[in-house]
Amino acid sequence: MCAAILKEHQHGKSRVRLGRTWREGDVHHFVEWTVHTMLESDMAHAFLDGSNTDMTATDTQKNTVYYIAKQCNKRCSPEEYAIALARHFVATYPKVSKAKVWVEQAPWERCQVDGQPHNHGFAHTGAEIRTTFVTADDQGNTAVTAGLKGYKVLKTTQSGYEGYLHDQYTLLPETRDRIMATSIAATWKYSGPVNYDAAYAAVKEALQTAFWGPPKSGVYSPSVQYTLFQMGKLALARAPQVESIYLNMPNLHFLPCNTVTSKFEDDVYIATSEPHGNIEATITRGDIEPHCKL
């Protein structure tokens, strides 16, 4: 019989959904978060001996998600909330050596009525999700990674693809004018505490600016690869607290369509997402180690 060794272990709670309202006079603020927790702990005996002594149950973790939200008396970012939750786990339970917390924020935005922001009305806008990943350990170390996913962007021109290798398997025609569209997933690591809402806004604006370019003229993209790097580089320039950024940008294809009795004139496309190209990279500040591996 082979020797079996328990190399690594952790346990946590997934997809804990919560809503939090802060009432500041007549003006209310609302967030919806989906929280995932995972604890690294001195609980090998649960796996090896069947003993649950001193285990922080996953149901306890779920209840703590709501408890910490209650303790956040003032409006806070998902990063600030995740830091408080992770630090609570390592401070409260001696067996826990490291807590990991993921938070996804749903895109609720204050709505406008008659041109004015509503005091307590919100609308769910699009599919973009703000993400956070925080770790805290029993040595006092805290690491914060932010991000977004499902952020769809498109431009109808100022994009091409040419000069690539051609062989017997290549059917794709070269072009200097095409639709460029993608669904951005990105994560970035902060070097230390920051104003997380402002830093998130700065990174997102940098990604938009590098993708679209100036409002009137745009900016030409010779490939998704080139544009991806420009986006990451500008994010590092606009948000000095960011030390590493990862970007994943799959192609959302809009293929030229020759309609019946007419020819393609950059007007009608076949929209398809499968199969699609998938491009990703990590860009760092100087020789800093990337915060994630491809």
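What follows is a walk through this structure, from its overall build to some individual residues.

The model you have in front of you is a predicted one. Its protein chain has 294 residues, and 37% of them count as buried. If you draw a box around the C-alpha atoms along the principal axes, that box is roughly 75 × 70 × 40 Å. In terms of secondary structure, the chain holds five helices and twelve strands.

Let's begin with a pair of helices. Two packed helices are described by the angle between their axes and the distance between the axes. Helix α2 covers residues 58–71 and helix α3 covers residues 78–92; their axes come within 10 Å and cross at roughly 130°. That angle makes α2 oblique to α3, because angles over 145 degrees would be needed to count as roughly antiparallel and 65 to 115 degrees as roughly perpendicular. As for its hand, the crossing of α2 and α3 is right-handed.

The loop between these two helices is a good place to turn to charged side chains. Side chains of opposite charge can pair when their charged atoms come close. Across the whole structure, a search finds eleven salt bridges. One of them joins arginine 75 and glutamate 24, with 2.8 Å from N to O. Arginine 75 sits in the loop between α2 and α3, while glutamate 24 belongs to strand β1, so this pair ties together parts that are 51 residues apart in sequence. Both partners have some exposure to the surroundings: arginine 75 is partly exposed at 48% relative accessibility, and glutamate 24 is partly exposed at 39%.

A further salt bridge brings together the side chains of glutamate 128 and lysine 204, again with an N to O distance of 2.8 Å. Here glutamate 128 comes from the loop between β5 (116–124) and β6 (129–137), and lysine 204 comes from helix α4 (residues 196–212), so the pair links parts that are 76 residues apart in sequence. Is glutamate 128 buried or exposed? Glutamate 128 is buried, since its relative accessible area is 17% and the cut-off for buried is under 20%.

Toward higher residue numbers you will find lysine 293 and glutamate 289, whose side chains meet in a salt bridge of 4.0 Å, N to O. Lysine 293 counts as exposed at 67% relative accessibility, and glutamate 289 is exposed as well, at 57%. Charged side chains can also join in a group: Glu79, Arg130 and Asp197 are linked in a network of salt bridges.

Now for a nonpolar part of the surface. Leu6, Phe47 and Leu48 make a nonpolar surface patch of about 300 Å². Leucine 6 is found in the segment before β1, a strand that covers residues 11–24. With a relative accessibility of 31%, leucine 6 counts as partly exposed.

Next, consider some strand residues and their partners elsewhere along the chain. Serine 244 has its place in strand β9, which runs over residues 242–250. Its relative accessible area is 0%, so serine 244 is buried. Serine 191 is 53 residues away from serine 244 along the chain, yet their C-alpha atoms are separated by 8.9 Å. Threonine 284, in turn, lies in strand β12 (residues 278–284), and is partly exposed with a relative accessible area of 23%. The C-alpha atoms of threonine 284 and tryptophan 188 are separated by 9.5 Å, although the two residues are 96 residues apart along the chain.

Finally, the backbone itself has some details to look at. Which residues does a cis peptide bond join? They are glutamate 274 and proline 275, with omega about -10°. Proline 275 lies in the loop between β11 (269–272) and β12. Glutamine 158 has a positive phi of about 60° although it is not a glycine. You can find glutamine 158 in the loop between β7 (142–155) and β8 (180–190), where it counts as partly exposed at 27% relative accessibility. Aspartate 266 also has a positive phi, near 55°, in a residue other than glycine. Its location is the loop between β10 (253–256) and β11, and aspartate 266 counts as partly exposed at 46% relative accessibility.

How values were computed:
Residues are numbered from 1 along each chain as its sequence is written. This is a predicted model: local features need pLDDT of at least 70, side-chain atom pairs count only at pLDDT 80 or more; totals for chains, interfaces and linings use all residues. Side-chain values use heavy atoms; hydrogens and water are left out. Patches are made of residues with over 30% relative accessible area and no salt bridge: like charges are joined within 9 Å, nonpolar side chains (Val, Leu, Ile, Met, Phe, Trp, Tyr) within 5 Å. Accessible areas come from the Shrake-Rupley method with a 1.4 Å probe; for residues, only the protein chains shown count as cover. Helices (H or I, at least four residues) and strands (E, at least two) are DSSP runs, numbered from the N terminus. Buried means under 20% relative accessible area, exposed over 50%, partly exposed in between (1.4 Å probe, protein chains only). Axes are lines fitted to C-alpha atoms, for helices over the stretch in contact, and angles run from 0 to 180 degrees between N-to-C directions. Angles under 35 degrees count as roughly parallel, over 145 as roughly antiparallel, 65 to 115 as roughly perpendicular and the rest as oblique. A crossing is left-handed if the near helix is turned anticlockwise from the far one by less than a right angle, and right-handed if clockwise.
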